[in-house]
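Trainee: I should like to learn how the features of a protein model are read. May we go through one together?

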Amino acid sequence: MAHWLYKSEPFKWSWDMQVKAGAKGTHWDGVRNHLAKQQLLAMKKGDRGFFYHSNEGKEIVGIVEVIKEAYPDPSDPSGKFFMVDIKAVKPLKTPVTLAAVKAEPRLQEMALIKFSRLSVQPVTDEEWDIVCGMGGV
């Protein structure tokens, strides 16, 4: 199983909105970066990811799961970009802030720090375990 991080501005789509979507989940659309597109194409059903509030909060707040693998994003008229469907799994007991990630020496290579503008990012198994520990899950 691979791990990912999904960034969303809470005023557009928040963790609470993701939770309200329930087991049917929701699509993760609107990605227009080619590297992020490659991440979406690599995702497999059952992969887990962190849900990150960007701009407001700047913190990892929950864990989501891929429930449908990549398929064409109908909001893209060029037909070049894709989306996946995800559902909320559980919140972190303690949100993990960007400042806390930056302060953790073992996370200095994490994409969240190195590629801060990328909306969909890979997370290594080691990073996953560290952040889960920091978040109390």
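**Reading the pocket, the sheet and the helices**

Mentor: Let us begin with the lining of the largest pocket, where the largest share, 3 residues, comes from β2. Please keep in mind throughout that this is a predicted model.

Trainee: What volume does the largest pocket have, and which residues are closest to its centre?

Mentor: The volume of the largest pocket is about 600 Å³. Its lining consists of 20 residues, and Lys-7, Ser-8, Glu-9, Ser-54 and Ser-119 are the closest to the centre. Two elements, β1 (3–8) and β2 (26–28), each contribute two or more residues to this lining.

Trainee: How do the lining residues divide into nonpolar, polar and charged?

Mentor: The lining contains 6 nonpolar, 8 polar and 6 charged residues.

Trainee: I would now turn to the sheet. In what order do its strands lie?

Mentor: As a general idea, the strands of a sheet pair through backbone hydrogen bonds, in either a parallel or an antiparallel manner. Here 6 strands make up an open sheet with mixed pairing, and their order is β2-β5-β4-β3-β1-β6. β2 and β6 (120–123) are at the edges with a single partner strand each, so one side of each has no neighbour in the sheet. From one strand to the next, the twist averages 40 degrees.

Trainee: How many bridges join β2 to β5, and which residues stand opposite each other?

Mentor: β2 and β5 (residues 82–97) run antiparallel and are joined by 3 bridges. Trp-28 faces Val-84 in β5, and His-27 has Asp-85 of β5 as its bridge partner.

Trainee: How many bridges link β4 and β5?

Mentor: There are 10 bridges between β4 and β5, which pair in the antiparallel sense. Along this pairing, Val-64 stands opposite Ala-88 in β5, while Ile-60 has Val-96 of β5 as its bridge partner.

Trainee: What joins β3 to β4?

Mentor: These two strands run antiparallel, with 6 bridges between β3 and β4. One bridge partner pair is His-53 with Glu-59 of β4. The hairpin of β3 and β4 has 5 residues between the strands, and Asn-55 in this hairpin takes a positive phi near 65 degrees.

Trainee: Which strands do the helices touch?

Mentor: A helix can be placed by the strands it contacts and by the angle between its direction and that of a strand. Helix α2 (residues 34–42) packs on the sheet and touches β1, β4 (59–72), β5 and β6. The direction of α2 makes about 95 degrees with that of β5. Helix α5 (residues 125–135) lies across β1, β3 (48–53), β4, β5 and β6, and runs at about 45 degrees to β5.

Trainee: Which residues of α5 are buried, and against what do they pack?

Mentor: The buried residues in α5 are Glu-127, Trp-128, Ile-130, Val-131, Cys-132 and Gly-135. They pack against β1, β3, β4, β5 and β6. Just after α5, Gly-136 has a positive phi of about 75 degrees.

Trainee: Let us end at the start of the chain. Is Met-1 buried or exposed?

Mentor: Exposure is judged by relative accessible area, and a residue counts as exposed when this is over 50%. Met-1 has a relative accessible area of 64%, and is therefore exposed. Met-1 belongs to the segment before β1. Apart from its neighbours within four places in sequence, Met-1 is in contact with Gly-46, Asp-47, Arg-48 and Asp-125. Met-1 and Met-43, 42 residues apart in sequence, are 9.1 Å apart in space, C-alpha to C-alpha.

Key
Residues numbered from 1 in each chain as written. Predicted model: local features only at pLDDT ≥ 70, side-chain atom pairs only at ≥ 80, totals over all residues. Heavy atoms only, no water. 1 Å grid on protein atoms, 1.4 Å probe; cavity = no way out; pocket = protein on both sides within 12 Å on 5 of 7 lines; lining within 4 Å. Points joined across faces, edges and corners; volume = space filled by probe spheres on them. Helix = DSSP H or I, 4+ residues; strand = E, 2+ residues; numbered from the N terminus. Nonpolar A, V, L, I, M, F, W, Y, C, P; charged D, E, K, R; others polar. Pairing = 2+ DSSP bridges. Axes fitted to C-alpha atoms, helices over the stretch in contact; angles between N-to-C directions. Contact = heavy atoms within 4.5 Å. Buried < 20%, exposed > 50% of the residue type's maximum accessible area, 1.4 Å probe, protein only.
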